[in-house]
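Work through the exercises below with the sequence and the structure side by side. Try each task before reading its solution.

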Amino acid sequence: MEEDKLVKPGERVDDLQRNGYRIIQDPGRFCFGMDAVLLAGFADKAAGKRLLDIGTGTGILPLLMEARTGIEHLVGLEIQEESADMAARSIKLNGLEDKIEIIAGDIREADRLFEAASFDVITCNPPYMIGSHGLQNAQQAKTIARHEVCGAFRDIAVMTAKLLKPGGHFYLVHRPFRLAEILVTLSACKLEPKRMQLVYPFVNKEPNMVLIEAVRGGNPRMTVEKPLIVFRSPGVYTAEIYDIYGY
């Protein structure tokens with residue numbers, strides 16, 4: 001079977017509950033989380049011919065965005081070659097080689113890989129922690145995914161501004177404790193924040209995620225959407241979360 005040829009020892013295949021798509025993951029490296037799913041839901045109005053996902057990891061965002069939008073060609077950029085290989089195999093598993101491309105490379109050198117202003121949409125679920133901030137996992141793959149050891153958020157913003165078309169849209173998910181820095185950095189790079197939504201695990205808890213949409217060269221004016229609550233009780237999602245997941 002094709003699946004047997006594409007899945008390596010220690011890996012598993014998960015159902016994405018979208019278009020019958022599946023994804024190959026290695027629990028020993030890094031598996032996608034809710035933040036990627038919420039970002040895809042937040043960006044489901046994205047439109048255009050070309051999308052770039054920065055730090056694509058397992059390729060989850062290109063797969064979800066292909067399922068949710070009409071974007072014609074999607075590219076996932078991943079610095080870790082092993083993760084890029086796994087993502088490419090997931091694309092092949094779903095028969096999407098003509099629509100989704102996975103490239104192994106460093107975002108800090110992305111202007112050598114892609115032409116300037118060549119994407120209509122860019123998405124990013126970046127590492128949240130600054131350098132040594134927070135607990136660093138001893139496994140390199142997880143550390144790179146969670147900590148800015150291969151580039152800071154400013155590197156992402158600078159390169160996004162180069163690769164986005166004027167008027168193009170940038171969608172990202174991050175942590176609220178860095179919100180002031182994120183908004184200042186985006187504006188300094190001429191990526192004007194236009195829409196924001198805070199995500200709360202429970203209605204009486206502090207937010208633990210923030211979703212942001214920015215526009216290259218946009219006018220200053222941002223809409224703050226109503227809060228997104230994940231759980232209505234322990235282990236039970238709210239109706240909004242079930243809708244995003246497509247259940």
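A residue counts as buried when its relative accessible area is under 20%, as exposed when it is over 50%, and as partly exposed in between. Keep in mind that this is a predicted model.

**Exercise 1. Place P201.**

Find where P201 lies, decide whether P201 is buried or exposed, and list its contacts.

*Solution.*

Step 1. Locate the residue. P201 sits in the loop between β8 (191–200) and β9 (209–216).

Step 2. Apply the cut-off. The relative accessibility of P201 is 18%, so P201 counts as buried.

Step 3. Look for contacts, setting aside neighbours within four places in sequence. P201 then touches E206, N208, I229, V230 and F231.

Step 4. Compare sequence and space. P201 and S233 are 32 residues apart in sequence, and their C-alpha atoms are 9.7 Å apart.

**Exercise 2. Describe the second largest pocket.**

State the volume of the second largest pocket, then say what lines it.

*Solution.*

Step 1. Take the volume. The second largest pocket holds about 350 Å³ of space.

Step 2. Name the elements. α2 (34–42), β8, β11 (228–229) and α9 (239–245) each give two or more residues to its lining.

Step 3. Count the lining. There are 17 residues, and G41, Q197, E225, L228 and I244 lie nearest the centre.

Step 4. Sort the lining by type. It divides into 7 nonpolar, 2 polar and 8 charged residues.

**Exercise 3. Compare three salt bridges.**

For E3 with R22, R89 with D85, and R195 with E225, give the distance and the setting of each pair.

*Solution.*

Step 1. Recall the principle. Side chains of opposite charge can pair when their charged atoms come close. The whole structure has 14 salt bridges.

Step 2. Take E3 and R22. Their closest N and O atoms are 2.4 Å apart. E3 belongs to helix α1 (residues 2–6) and R22 to strand β2 (residues 22–25), so this bridge ties together parts 19 residues apart in sequence. E3 is partly exposed at 25%. R22 is also partly exposed, at 29%.

Step 3. Take R89 and D85. The N to O distance is 2.9 Å. Both residues are in helix α4 (residues 81–93), 4 residues apart, which is about one helical turn. R89 is buried, with a relative accessible area of 9%. D85 is partly exposed at 31%.

Step 4. Take R195 and E225. Here the N to O distance is 2.8 Å. R195 is in strand β8 and E225 is in the loop between β10 (223–224) and β11, so the pair links parts 30 residues apart in sequence. R195 counts as buried at 17%. E225 counts as partly exposed at 27%.

Step 5. Look for shared partners. Salt bridges join K8, E11, D85 and R89 into one network.

**Exercise 4. Classify two ring pairs.**

Decide whether the rings of F42 and Y171 are stacked or edge-to-face. Do the same for Y237 and Y245.

*Solution.*

Step 1. Set the scene. The structure has 6 aromatic pairs.

Step 2. Check F42 and Y171. Their ring centres are 6.3 Å apart and the planes meet at 85 degrees, so the pair is edge-to-face. The cut-off for that class is over 60 degrees.

Step 3. Add the setting. F42 is in helix α2 and Y171 in strand β7 (residues 164–174), so the pair ties together parts 129 residues apart in sequence. Both F42 and Y171 are buried.

Step 4. Check Y237 and Y245. The centres are 5.8 Å apart and the planes lie at 10 degrees, so this pair is stacked. Planes under 30 degrees apart earn that label. Y245 is buried, at 15%.

Step 5. Follow the rings further. Ring pairs link F202, F231, Y237, Y242 and Y245 into a cluster.

**Exercise 5. Examine two positive phi angles.**

Where are N19 and K190, and what is the phi of N19 and of K190?

*Solution.*

Step 1. Start with N19. N19 lies in the loop between β1 (12–15) and β2. Its phi is positive, about 55 degrees, although N19 is not a glycine. At 53% relative accessibility, N19 is exposed.

Step 2. Move to K190. K190 lies in the loop between α8 (179–188) and β8. Its phi is about 65 degrees, again positive in a residue that is not a glycine. K190 is exposed at 61%.

Terms used:
Residues numbered from 1 in each chain as written. Predicted model: local features only at pLDDT ≥ 70, side-chain atom pairs only at ≥ 80, totals over all residues. Heavy atoms only, no water. Buried < 20%, exposed > 50% of the residue type's maximum accessible area, 1.4 Å probe, protein only. Contact = heavy atoms within 4.5 Å. 1 Å grid on protein atoms, 1.4 Å probe; cavity = no way out; pocket = protein on both sides within 12 Å on 5 of 7 lines; lining within 4 Å. Points joined across faces, edges and corners; volume = space filled by probe spheres on them. Nonpolar A, V, L, I, M, F, W, Y, C, P; charged D, E, K, R; others polar. Salt bridge = Lys/Arg side-chain N within 4 Å of Asp/Glu carboxyl O. Phe/Tyr/Trp six-rings, centres within 6.5 Å; stacked < 30°, edge-to-face > 60°.
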